[in-house]
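Biologist: I should be grateful for a close examination of one part of this model, followed by a connected account of its surroundings.

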Amino acid sequence: MTTETPTNFIHQIINEHNESGRFEGRVHTRFPPEPNGYLHIGHAKSIGLNYGTAVKYGGKFNLRFDDTNPTKEEQEYIDSIIEDVRWLGADWEDRLFYASDYFQQLYEWAVQLIRDGKAYVDHLTAEEIREYRGTLTKPGKNSPYRDRSVEENLDLFQRMKDGEFEDGTCVLRARIDMESPNLNMRDPVMYRILHTDHPRTGSAWCIYPMYDWTHGQSDSIEGITHSICTLEFEDHRPLYEWCIENLGIYAPQQIEFARGNLTYTVMSKRRLIQLVRDGHVRGWDDPRMPTIAGYRRRGYTPEAINDFWDRAGVAKANSTIEIEMLEHSIRQDLNQRALRRMAVLDPIKVVLVNYPEGQTEELDAINNPEDESAGTRKVPFSRELYIEREDFMEDPPKKFFRLAPGREVRLRYAYFITCTDVIKDADGEIMELRCTYDPATRGGDAPDGRRVKATLHWVSADHAVDAEVRMYEHLFSVPNPYDVPEGEEFTYHLNPNSLTILSGCKIEPSLADAKPGDRFQFERQGYFCMDPDSADGAPVFNQTVSLRDTWAKIQNQKA
RNA sequence: UCGGGGAUAGUUUAACCGGCAGAACGCCUGGCUUUGGACCAGGUGGUUGAGGUUCAAAUCCUCAUCCCCGAGCCA
């Protein structure tokens, strides 16, 4: 038995169970996805909570697919979910299960209930069932088929299973209480007829159990102690307990918690599917999607995602967390581990007029100031360079510290340079900057102790590699995308600038060796992850998140 | 209208049996800096409301208010 410091109300409940001996000190959780879509970051909360709880108490964690509705479920989703849960770091060891593994047992239990007079085959139509159910305020009334004999029910249920009836002709219902104030207890449907092949059981079954008739018993079979689910199942708990009690089987404890929402994000599977199907994004793993696959491609780490949910906490109050908190977690993680590289996203050429033509130097650059073991690398330097267009202003405002006519700045790990000339084309567009460099400042330090207010990143023009860089903004332009004018859809606030593709970016040559999935900090810009779309000699990077940017903040304040 | 849940800084949360409301993110200052990054120091800001019990209430009691979920042969 362990009593751990509770970090949330669920752990407190577990401590109480451990003290009372309810589960003999056992802790066994599970993550039960329905394979009808890709996992999103909200699921990561549940995965982290279930797996983290098991680890905390030295217990076990199962992965179990809730695959009871073959009309919506697909193998593609099963595969992606397995990959995502594994990527997030949750370890189910050899306990990968499917609710469909239990179809036979569930069927036998249904027969048991029929024998006990606690279930019956109902021939009411779907619409009639709805009418008979009553409303939130009005009690329901009994189906005329409710009092069929055990023999008749047994026969009918057998024939349902044997495929004698078409979809929708009848259902098996639990016989509970049509007047219950809890609508879930008004004779809930246990089985419906679906002549649809199942991804795992094929055509073996044409009747499929409903969630309420499956979930609790699956938990029970697996010896789950704490069946953690979201708030909307609170009303189902009495039914969950009814099934188990009337079957006389081992009883786990269902506990509900609030799912977490994010600002600037929609998270329901229905909406996500729509974004994919209607082409608002490039697929389930589009880096703008809040899916696990999307975040992975974007460059997020599982550690950052788990850290984020740890910080967010677990409670029963509905909440929408500011996306800045997620961004903080990924910045913090990547700051520790990402190698630094220089990349010029919007290049402008700089010519060092006093630097010898044809000369090239190899300068030392630190790979990660936060991690000495990451070492250093050589970066080529020459007479013609690229710097960031926005790092120069011809007529700089007061707080602009970067390059300007007559001003001296440092090129990182290289030299101090001073801008002497601005070359423009006929339209007045700046084409090139002419600068002088100070040979005494090699490496970036002035022996005379003189200081500059800015350090710029740069790339040698002759040695630069061209790259495509995909910059992202939030998929939605407002914190609450659901807040739309009367009659408008949730797509109303879709951000037209959520993706900006930059081509002709100039990146330092060492980046040519990168592999898809590799993450870097582009100095002074942010974190970037190489995209699988990359080809030999044609690298593509996704912006994971920008660096914190006080200059941008100053500019925004003025705007 | 019936049933079930919930309400603590801008956001997300902590506060055991009633005992100084604490943190993270954000925001604002300042320091430091070869990334306007990172880091360091400081600051702003809160118990939904009204009563009651108590030496003492976020916590207990009463009455309100507001929010979420529920009428799939979805999960």
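Biologist: How many cavities of 30 Å³ or more does a search of the whole structure find?

Modeller: The model is a predicted one, and a search of the whole structure finds 1 cavity of 30 Å³ or more. The volume of the largest cavity is about 40 Å³. Its lining consists of Tyr211, Asp212, His215, Gly216, His236, Leu239, Tyr240 and Gln254. Two helices, H7 and H8 (237-247), each contribute at least two residues to the lining of this cavity, and H7 provides the largest share, with 4 residues. Sorted by class, the cavity lining has 3 nonpolar, 4 polar and 1 charged residues.

Helix H7 (211-222) also supplies at least two residues of the lining of the second largest pocket, and the account may therefore be extended to that pocket. The second largest pocket has a volume of about 1,200 Å³. It is lined by 40 residues, and those lying nearest its centre are His43, Glu232, Phe233, Arg259 and Lys269. Besides H7, the elements that each supply at least two lining residues are strand E1 (28-31), helix H2 (41-56), strand E8 (226-230), strand E10 (260-262) and helix H9 (269-277). Of these, H9 gives the largest share of the pocket lining, 5 residues. The classes in the pocket lining are 13 nonpolar, 13 polar and 14 charged residues.

The surface near the nucleic acid may be treated next. RNA strand B is surrounded by 70 residues, the closest being Ala312, Arg402, Arg410, Gly443 and Gln521. Among the atoms of RNA strand B within 4 Å of the protein, 64% belong to sugar or phosphate, and the rest belong to bases. Individual side chains show both kinds of partner. For glutamate 322, a polar side-chain atom lies 2.8 Å from a base nitrogen of RNA strand B. For glutamate 370, a polar side-chain atom lies 2.9 Å from a sugar or linking oxygen of the strand, and for arginine 412 the distance from a polar side-chain atom to a sugar or linking oxygen of RNA strand B is 3.1 Å. Two or more residues of the surface near RNA strand B come from each of helix H5 (126-132), strand E6 (189-193), helix H11 (302-312), strand E11 (319-321), helix H12 (323-337) and helix H13 (550-558). H13 gives the most to this surface, with 5 residues. By class, the surface near RNA strand B has 25 nonpolar, 19 polar and 26 charged residues.

Definitions and conventions: Residues numbered from 1 in each chain as written. Chains lettered and ligands numbered in written order. Predicted model: local features only at pLDDT ≥ 70, side-chain atom pairs only at ≥ 80, totals over all residues. Heavy atoms only, no water. 1 Å grid on protein atoms, 1.4 Å probe; cavity = no way out; pocket = protein on both sides within 12 Å on 5 of 7 lines; lining within 4 Å. Points joined across faces, edges and corners; volume = space filled by probe spheres on them. Nonpolar A, V, L, I, M, F, W, Y, C, P; charged D, E, K, R; others polar. Near = heavy atom within 4 Å. Polar contact = N/O pair within 3.5 Å; in protein donor to acceptor, adjacent residues only side chain to side chain.
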